[in-house]
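Colleague: I should like to learn how the packing of helices is read from a model. May we work through one example together?

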Amino acid sequence: MKFGTRLRTGLLVLASVGLLASCSAIKLGYNNSVTIAYTYLSSKVDFSAEQSSQIKTSLAEIVQWHRRNELPTLARELETARVALAANGNAVVPVSSEQVQALNQAIRDSLRRTADHAAPLIAKNMLTLTPAQIQEIQKALDKSNKEYQAERIQLSPTKQAQASAERMTERFERWLGKLNPAQKTLIATWSRNDINQAGEYFQKRVERQQQFMRLAQQASNQQIDAGSLSQEIAGLLNAWQTSASSAERNDNEKRQKVTIDLVVNVLNAATVDQRNKAAERAAGWAEDFQILARND
């Protein structure tokens, strides 16, 4: 987990639980998300005892809110996904782009609501930052960006495409198991387009980091009030979903369509066993989310 890549979601560690490998891992990770998030943050910044206590309290409040308000919604969306993914006997039922888009939008909406709830708590903690801690954050960002460039930018086009394809293949195989040649070909074709956007992705990443650091400096110098800082943080956390212009909006929509088309095509190239495996995974996560939501 790199400091820079987590700026977009800040303290929203909850959004990553779907990346865990098994149902038991989801429950374990979610129930320990406060400890995981604090351990990560404290590995980058040297907090005082008072700051540590406040951060842990804020993290616990975010998790509790998410448990009550978002997990039931996500569980319902996963159940809908289960129905769409399951094979009908020995036949694969085609998945539509509308179905994938609906799930994508539900997740985006959940992330936006969580960001909006977390923003005041993040602002509260940012207002306690010292100049020395600001320097620690910048150092962590600089290190993360160098690693990002080495892994994704400073590679030959062939290696960039290969790395992109490997990352996407790994995501699909969490759901479907080992992919077949047709699915791998679809991902390889997609990855060649994806690398064309790598430089622009990195530039936007740096711009948002710079926005965050300006806010952190203002907070450290007491040049911004809690309410204004909270609004700015919410905007920054949700910036990846917000287009600054019509041209940017059109570009983002095109990229999203390309990715959704890939998901649809890979799912529709799946075997019966793959689709049933994905349906079982969705059912397991839905059940876990329901259990976690009841554990207040």
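Colleague: How are α3 and α5 oriented relative to each other, roughly parallel or roughly antiparallel?

Modeller: Please bear in mind that this is a predicted model. The general idea is to take the angle between the two helix directions, and an angle over 145 degrees counts as roughly antiparallel. Here helix α3 (residues 49-69) and helix α5 (residues 97-126) pack at about 170°, and their axes lie 10 Å apart. The helices α3 and α5 are therefore roughly antiparallel to each other. Their crossing is right-handed.

Colleague: Which residues of α3 meet which residues of α5?

Modeller: On the side of α3 they are Q51, Q54, I55, S58, E61, I62, W65 and H66. They meet R113, T114, H117, A118, L121, K124 and N125 of α5. By character, the residues of this contact divide into five nonpolar, seven polar and three charged.

Colleague: How should the pair α9 and α11 be read, as roughly antiparallel or as oblique?

Modeller: The reading again begins with the angle. The axes of α9 and helix α11 (residues 246-268) cross at roughly 125° and come within 14 Å. An angle that lies between the limits of 115 and 145 degrees counts as oblique, and α9 and α11 are therefore oblique to each other. The crossing of α9 past α11 is left-handed. The contact joins E200, Y201 and K204 of α9 to E248, D251, N252 and R255 of α11. These residues divide into one nonpolar, one polar and five charged.

Colleague: Which residues touch the most other members of the largest nonpolar core?

Modeller: A nonpolar core is a set of buried nonpolar residues joined through their side chains. The largest one here has 32 residues, and M126, I137, L215, L229 and I233 touch the most other members. Elements giving two or more residues to this core include α2 (33-44), α6 (131-153) and α10 (226-237). The largest share, seven residues, comes from α5. As for I233, leaving aside neighbours within four places in sequence, its contacts are A119, I122, M126 and L215. Apart from this core lies another, of 31 residues, among them A75, L78, L176 and A278.

Colleague: Is P157 buried or exposed?

Modeller: A residue counts as exposed when its relative accessible area is over 50%. P157, which is found in helix α7 (residues 157-176), has a value of 56% and is therefore exposed. Its C-alpha atom is separated by 7.3 Å from that of I195, although the two residues are 38 residues apart along the chain.

Notes. Residues numbered from 1 in each chain as written. Predicted model: local features only at pLDDT ≥ 70, side-chain atom pairs only at ≥ 80, totals over all residues. Heavy atoms only, no water. Axes fitted to C-alpha atoms, helices over the stretch in contact; angles between N-to-C directions. Helix = DSSP H or I, 4+ residues; strand = E, 2+ residues; numbered from the N terminus. Parallel < 35°, antiparallel > 145°, perpendicular 65-115°, else oblique. Left-handed = near helix turned anticlockwise from the far one by under 90°. Contact = heavy atoms within 4.5 Å. Nonpolar A, V, L, I, M, F, W, Y, C, P; charged D, E, K, R; others polar. Core = buried A, V, L, I, M, F, W, Y, C linked by side-chain atoms within 4.5 Å. Buried < 20%, exposed > 50% of the residue type's maximum accessible area, 1.4 Å probe, protein only.
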